[in-house]
Amino acid sequence: MNKIFTLFLLGCMAVAAKAQTPAPVPTTQAFGKVDKADLELKACDFEKDANAEILFDKAEVYFDQTYNIVTERHKRIKVFNDNGKSEANIRLEYYSANRVEYISGLQAQTINSSNGTPEIIKVDKKQIFTEVIDKYRSAMVFSFPNVKPGSILEYKYRLTSASIADFPDWYFQSDLPTRYSELSTNVPDVLYYKQLVNVHSPYVVNKTNSSNAHIQALANIPSLKDEPFMGSRNDNSERILFQLLSIKPTYGFTQTYQDSWKKVGENKADDEDFGGQINRKLAGEEAIIAKAKSLKTDDDKIAYLFNEVKNTVKWNDSYARYTNDGTVKAWDKKIGNSTEINLILTHLLKKSGVKVYPMLVSTRSNGRVNPAYPSYYQFNTSVAYIPVDSNKYYVLDATSKYNIYNQVPNNYLNSFGLYINKEDQIYDLAFLDDKDPVRQVVLINAEIKPEGKMSGTADISSFVYNRVNCIKKYKTDGEKKYIDFLRNDNNNMKIASVKFENMEVDTLPLQQKMDFNLDLTGADENYIYFNANLFTDLKTNPFLNENRVTDIDFGYRDNYAITGIFKLPAGYKIDAMPKSINMMIPDKSIVFRRIVAEQDGSIMIRLNVDFKQSLYFKENYPEFHEFCKKMYEMLNEQVVLKKG
């Protein structure tokens, strides 16, 4: 009996051990060799709705005998449907100036299934092009041939870099789900790099092999999907960044290479394509400077010069942290990149007696600047920075005709800028934000008709960033599309036209006045329903998902105030009415108030939403999500009128 029990127990243990065996780790394959299962694969196992999947993405980074950094990369993509065919267009950017970087050994091919066997169509080398982006950067560009649902796209290449400071960063996560992503790094003992790691998934491989290469790999990595009000995709991707800290030769002293922000600033101040451009004389500048100097206040000078540059030099849509043609040529041709335009502005301000400095910044799409990682490469453009006093500063970007001189452009909020004061040898970070609430005020005066219609007037006051957004949308899209925006695409609302006030006065809120008519849905011969939440973007809750993987970055603090006075139709009485309420999130960072009152045959409803912060971290999303769910339900509560 004991023997039978022992055998039974051993059998159970074997079954349990088998059940707990982890899934096999995906692997890479040699170039051109493909599994039949991958050839026949119809969908991503862990993200069924994906249009394509990265089967593997592998990089080996090592140093050659002359201490060039060599990156050998091999990538394979599976296309599942027609929407995934856009993955066939490849663009590999690199720093080509003085051959600091160059690409070699590029091979690329499409692999299709032909009666169950692989059919390989190589990319013709004549169809691989080198595109010059600017005087520093180039791109190798090509497209895969014969791509269709089921195709596998495969390419490999070697990137060689002559700068030991430019160790390549690695992104495990991308717009596509990735079955396997592997980084192998082999660094000589004399070099030491700091890693800035943003990896939340467990490593399936994290080891050092016999060749002293450190291998790190993740598997089954979901794509990074867009979430409402998320920041840069780079900031939110699982990745590893590298920074050179020191060189310790076998004989001799250790050299420290970690950049400080002071060192970054000094280098840019002396850079011919940045600091060296500030004092370049511009054609005809004397008259402009003389007029600026004749103005009474610094604000008058700043506003004049800002508008002069903004209206004279057209932006070529290129963000750059250096000049390409230089400020003089950009001024003469009246077109330039972002840094050329803003260094022109800096030069004119400086010559007119304004205390101004060039500042390196990063756009929202490029990512937030990490103050613990001093690096010029974190930035992608520059602005003019004016410290007004200890509590006030201006950040001027003349690339957009909708920007205002005394308002930090929304694109740079909630990140750091590096200002460069060469005269006083001050090179420091400044955090760019706007702590004041940005108001949107809506006043509605309307009458409810017995036939289930509402007619009345609306007066919308848009302040600061809301003002800029409205003007840009109106001038870009035209009146018809702008009215559709005000209607929130509600086909039951009719607006004939909009009257604007203060559109050309930067210091005043934009006033928008209109008459409107609204067919009230759900109304019948006995009941009428209506909602006071009109002419706002607060109709639909953008935070419906239960979970979130990125921070919520509004850029600035929103503050909404909606007041509606609605005259009730004769013969109707209130059957149901929202209650007055004062509600806030547990940490008090969002406040929602509603005041409802009835008097003399009219209902007054006042709604106020005040976001006390512009940035909400993903760790606090559960309570943020729950609060928004309740708030949007209350914002859309209806008044019910009953006949009789």
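Which backbone oxygen lies 3.1 Å from a polar atom of the side chain of Asn533? In this predicted model, local features require pLDDT of at least 70 and side-chain atom pairs count only at pLDDT 80 or more, whereas totals for chains, interfaces and linings use all residues. Residues are numbered from 1 along each chain as its sequence is written, and side-chain values use heavy atoms, with hydrogens and water left out.

The backbone oxygen in question belongs to Leu538. The pair is assessed as a polar contact (N or O atoms within 3.5 Å; within protein, one atom must be able to donate a hydrogen and the other to accept it, and residues adjacent in sequence count only if both atoms are side-chain atoms). Asn533 is located in the loop between β28 (527–530) and β29 (552–553); strands are DSSP runs of E of at least two residues, numbered from the N terminus. With a relative accessibility of 0%, Asn533 is buried, a term applied under 20% relative accessible area (1.4 Å probe, protein chains only). When residues up to four places away in sequence are not counted, Asn533 touches Leu538, Lys539, Leu607, Leu635 and Asn636, contact being defined as heavy atoms within 4.5 Å. Leu635 lies 102 residues from Asn533 along the chain, yet their C-alpha atoms are separated by 6.3 Å.

A second asparagine, Asn403, occupies the loop between β20 (392–396) and β21 (415–421). Asn403 is likewise buried, at a relative accessible area of 15%. Its side chain reaches the backbone oxygen of Asp397 at 2.9 Å. Neighbours within four places in sequence aside, the contacts of Asn403 are Phe306, Lys310, Asp397 and Pro409.

Three strands form an open sheet in the order β3-β7-β6, with antiparallel pairing; two strands pair if DSSP finds at least two bridges between them. Because β3 (89–95) and β6 (129–132) stand at the edges with a single partner strand each, one side of each is left without a neighbour in the sheet. β6 pairs with β7 (residues 137–143) in the antiparallel sense over four bridges, and Glu131 stands opposite Ala139 in β7.

The structure also holds three cavities of 30 Å³ or more, a cavity being a set of points on a 1 Å grid over the protein atoms alone where a 1.4 Å probe fits but cannot get out. The largest cavity encloses about 70 Å³ of space, the volume being that filled by probe spheres set on the points, which are joined across faces, edges and corners. It is lined by 13 residues, of which Arg364, Gly367, Arg368, Leu413 and Asp553 are the closest to its centre; lining residues have an atom within 4 Å of a point.

Definitions and conventions. Buried < 20%, exposed > 50% of the residue type's maximum accessible area, 1.4 Å probe, protein only. 1 Å grid on protein atoms, 1.4 Å probe; cavity = no way out; pocket = protein on both sides within 12 Å on 5 of 7 lines; lining within 4 Å.
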